[in-house]
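Hello,

Here is the structure I said I would pass on. Please open it next to this email and follow along.

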Amino acid sequence: MYRFLFSSKWLGYFVLAVIFATACVFLGRWQMDRRAETLAEIDRVVSNYSATPVPFADVKDQFRHLDPDREWTQVELRGSYDVEGQRVVRNRPLNGQPGYDVVVPFRLTTGETVIIDRGWLPIGNNTPGRPDVVPSPPAGEVTVVARLKPSEPKLDRGAVEGQLASIDLPGFAEELPYTIETGAYGQLASETPPVQPMPTPFPKPATEEGTHLSYSLQWFAFGVLMFIGFGYAVRQQARNAAIDAEDDEDDDVIAAAGPRKRPAPAARRNKKPTSEEEEDAILDAQGY
């Protein structure tokens, strides 16, 4: 009954089902990996974002080689801003609006220099490609609390003078006449003394898991449904083949029995005569 499965057509159907199911499993596992990354990021935010700031001396090495588990850790820094080294970073959307980040070198009292991202600015209306105003950081000695963020990749696109394409710390260091730490930068949480105006502060990162789990389960379900559909098609084909086989057997039996005389149809009872029959009866009664 199922010998048709070894035909080239059905073998092709089976190969397509396997390929489709394999792709579904791959996509499902990819969504699970994305979910694991999201959960790890959520765990870092929950653990580090609002924790008590630690002194720079305790995490000095993190500014050189940032441990991913220490991202968002709050660090307390004392020193002064170098306004001459200030840059704006292009193409930094916030809440769906295009804009810029403002990054400034911060020279610590201990001699090291780190980069502080002071916040976000909207695109300008006066000069295309530049913000209208870049607020200056506080002068003199400042106490800064910043959250650790890793250096960003270098982008293959240029930027006008005074701007950066990304917070690529090694690339930024090449533009400065002094050494900076290139493993991580600080995203500003607070400054003392405060100044006004200030760039827009960054919102807290989202801590929702998202839809990765549901998408993953959907892809796995699609892979299973593919084999269920294939099995249903196989079963229907087998049933049709069985019905065809029974019909062929009946035809063989009839052929072996020989031709039969078709019985004459039985006379209809209580048949109403037609108009022609009534006319014939009248003519017969008149002797024609």
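Below is what turned up, going from the whole chain to two places in it.

Please keep in mind that this is a predicted model.

The whole chain: the protein chain has four helices and eight strands. Read from the N terminus, the order of elements is α-β-β-β-β-β-β-β-α-β-α-α. The chain has 288 residues, and 33% of them count as buried. Among contacts with a separation of 6 or more, 69% are between residues 24 or more positions apart. The exposed area of the protein chain is about 18,700 Å², and carbon and sulfur atoms supply 55% of that area.

The surface patch: Tyr13, Phe14, Val15, Leu16, Val18, Ile19 and Phe227 form a nonpolar patch on the surface. Together they have about 630 Å² of accessible area. Helix α1, which covers residues 8–48, gives the most to this patch, with six residues. One residue to look at is Leu16, which sits in helix α1. Leu16 counts as exposed because its relative accessible area is 55%, and the cut-off for exposed is over 50%.

The buried charge: Asp82 lies in the loop between β2 (74–81) and β3 (87–89). Which side chain of opposite charge is nearest to Asp82? That is Arg107, 4.0 Å away. Asp82 is buried and has no salt bridge. The side chain of Asp82 does make a polar contact with the side chain of Tyr178, at 2.3 Å. Leaving aside neighbours within four places in sequence, Asp82 is in contact with Val104, Pro105, Arg107 and Tyr178.

Regards

Conventions:
Residues numbered from 1 in each chain as written. Predicted model: local features only at pLDDT ≥ 70, side-chain atom pairs only at ≥ 80, totals over all residues. Heavy atoms only, no water. Patch = residues over 30% accessible without salt bridge, like charges linked within 9 Å, V, L, I, M, F, W, Y side chains within 5 Å. Areas by Shrake-Rupley, 256 points an atom, 1.4 Å probe, with all protein chains shown as cover. Helix = DSSP H or I, 4+ residues; strand = E, 2+ residues; numbered from the N terminus. Buried < 20%, exposed > 50% of the residue type's maximum accessible area, 1.4 Å probe, protein only. Lys, Arg positive; Asp, Glu negative; His and termini not counted. Polar contact = N/O pair within 3.5 Å; in protein donor to acceptor, adjacent residues only side chain to side chain. Contact = heavy atoms within 4.5 Å.
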